[in-house]
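Subject: Handing over the structure

Dear colleague,

I am passing on the structure that I have been looking at, and I would ask you to keep it open while you read. My notes on what was found follow below it.

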Amino acid sequence: MSCPVGHVTPGDPRPVADPVVIDPLVRDLAGETERLRQAAPITTIDLMGVRAWTITDHAVARRLLTDGRLVKDINQWADWRSGAVDRQWPLVGMVDVDPSMFTADGAEHRRLRAKTAQAITPKRLEAIRPRIEQITAELLDDLAAAGAGGAPVDLKTVFALPLPLRVVCELMGVADELLPRLTDLWTRFFSLLTPQDERLAVIDELDVIFREMVREKTANPTDDLTGALIVAEDGGERLSEDEVVGNLKSMVAAGHETTISLILHAVRALLAHPDQLALVRSGEVSWEAVVEETLRLESPSTHLLMRFATEEIEVGDEVIKPGDGVVMSYRAIGRDRCQWGETADSFDITRPTPGRHLSFGHGPHICPGAALSRLEAATALPALFARFPELATAVPAEEITNLPVLTQNDLAGLPVLLGTPTGA
């Protein structure tokens, strides 16, 4: 196999080929991933009318994710400065967002991330573990009720979606009565079927909800993630209201979306590979291995938007110019045959060192909620299969489709048959 080297060799830039068009309706994700892999380590893509570079090679992505010449500041994007991209671009909500650790670079990023790290500590996560287990048990009861009598039930609606949303909102101190509204708002925010005027209104409403919550908790301090972010200090300086709001909005969006994908894809893969399900049920292979292999094969982020070049960056025979946008195509990266061999497209929980994937990122901007997502999945999956040992998909594989969400690897649903639950 001929593989591009991870340390990039300078060369004369070649003419840029036609970009790979990224389908916002996600009708052929496997074919799109293969086209991107064939163009590795870098190619251009068309994101709903906007051209950008994308990285599809594991080694190159690992290097560029720590390259200080790629920044999150949208004002470095030539298309933004020129007005070629404005608020009417359907993906603008993914790149033009409130100030937070997700959009800052360098010293400012370290300041914001350090304060968030004070709020999401291993001690705080360990303290919430019993609550994750309790919420899981409650949702399994709901699942049993929904599937009573042998009726098919959507695992996403009843279990995989409410679990991480309830957990992250409880961690943040969001009132329970807001959960249905937040579910609706985030669904419309991510869907590429949402008209842009409606999406902008969704963004505004989310801002109002989180800003009101931050102001209330500033006036009346609480022992939750929001309260911790409000009072987090470093050298006597606290986060501004805009920074707290920006961090919280980004964390709740990324926090629950990531885990929905992880749980659904893990269940789908295990049900399609009963021999591997038997290995994990017997204890021969750990649930952690299931989590890591699922993350590698079906990265929760299909295409992560976006970083912007401040200087020329040579990648193989191509040159990323100052002002260019760069996307990390994590699903293609996770299936890089140069990293994982000819079985890169196969689900294999016995694979050596699957945890070397980049699905939660790498470098300074590695996902701050990765530990929470792993904890939720490692709690939910064994509990689900223990409660429903006869669990099976209720529809043929070709009827399980992705949502029209360009950035997230999100299934529209996963209809299942529960069989006879334990203890019934």
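To begin with a question that you can try on the structure yourself: is Met 48 buried, partly exposed or exposed? Met 48 counts as partly exposed, because its relative accessibility of 28% falls between the limits of under 20% for buried and over 50% for exposed. Please keep in mind throughout that this is a predicted model. Met 48 is found in the loop between S2 and S3, and it has a positive phi of about 50 degrees although it is not a glycine. Val 26, which lies in the loop between S1 and H1, also has a positive phi of about 50 degrees without being a glycine, but Val 26 is buried, with a relative accessible area of 15%.

The six-stranded sheet

These loops lead to an open sheet of 6 strands, which has the order S1-S2-S3-S11-S8-S4 and mixed pairing. Strand S1 (20–21) and S4 stand at its edges, and since each has a single partner strand, one side of each is left without a neighbour in the sheet. As background, strands of a sheet pair through backbone hydrogen bonds, either parallel or antiparallel.

If you follow the order from S1, you will find that S1 and S2 run parallel and are joined by 2 bridges, with Asp 46 in S2 as the bridge partner of Val 21. Strand S2 (residues 42–47) then pairs with S3 in the antiparallel sense over 6 bridges, and here the partner of Thr 43 is Thr 54 in S3. S2 is mostly covered, as 5 of its 6 residues are buried.

Towards the other edge, S8 pairs with strand S11 (residues 325–328) in the antiparallel sense over 3 bridges, and Leu 304 has Met 328 in S11 as its bridge partner. Strand S4 (residues 70–71) is likewise antiparallel to S8, over 2 bridges, with Leu 70 standing opposite Ala 309 in S8. Strand S8 (residues 304–309) is also mostly covered, with 5 of its 6 residues buried. Within S8 you will come across Met 306, which is joined to Leu 305 by a cis peptide bond with omega of about -25 degrees.

The surroundings of Thr 56

Thr 56 is found in the loop between strand S3 (50–55) and helix H2 (58–64), and it is buried, with a relative accessible area of 1%. Leaving out residues up to four places away in sequence, the residues that Thr 56 touches include Leu 36, Pro 41, Ile 42, Ser 329 and Asp 336. A polar atom of the side chain of Thr 56 lies 3.4 Å from the backbone oxygen of Leu 36. Pro 41, one of the residues touched by Thr 56, lies in the loop between H1 and S2 and is joined to Ala 40 by a cis peptide bond with omega of about 5 degrees. Gln 38, in helix H1 (residues 29–38), counts as exposed at 58% relative accessibility, and its C-alpha is 9.0 Å from that of Thr 56, although the two are 18 residues apart in sequence.

The three-stranded sheet

There is also an open sheet of 3 strands, in the order S5-S13-S12, with antiparallel pairing. Strand S5 (153–154) and strand S12 (392–393) stand at its edges, each with a single partner strand, so one side of each is left without a neighbour in the sheet. S12 is joined to strand S13 (residues 415–417) by 2 bridges, and Ala 392 stands opposite Leu 417 in S13.

Among the helices

Helix H11 (residues 241–272) packs against helix H13 (residues 287–297) at an angle of about 105 degrees, with the axes 9 Å apart, and the two helices are therefore roughly perpendicular to each other. Leu 262, His 265, Ala 266 and Leu 270 in H11 meet Trp 287, Val 290, Val 291, Thr 294 and Leu 295 in H13; these residues divide into 7 nonpolar, 2 polar and no charged.

Finally, Leu 182, in helix H8 (residues 179–190), counts as buried at 0% relative accessibility. Beyond its neighbours within four places in sequence, Leu 182 is in contact with Cys 169, Val 174, Leu 206, Ile 209 and Phe 210.

With best wishes

Note on methods
Residues numbered from 1 in each chain as written. Predicted model: local features only at pLDDT ≥ 70, side-chain atom pairs only at ≥ 80, totals over all residues. Heavy atoms only, no water. Buried < 20%, exposed > 50% of the residue type's maximum accessible area, 1.4 Å probe, protein only. Helix = DSSP H or I, 4+ residues; strand = E, 2+ residues; numbered from the N terminus. Pairing = 2+ DSSP bridges. Polar contact = N/O pair within 3.5 Å; in protein donor to acceptor, adjacent residues only side chain to side chain. Contact = heavy atoms within 4.5 Å. Axes fitted to C-alpha atoms, helices over the stretch in contact; angles between N-to-C directions. Parallel < 35°, antiparallel > 145°, perpendicular 65-115°, else oblique. Nonpolar A, V, L, I, M, F, W, Y, C, P; charged D, E, K, R; others polar.
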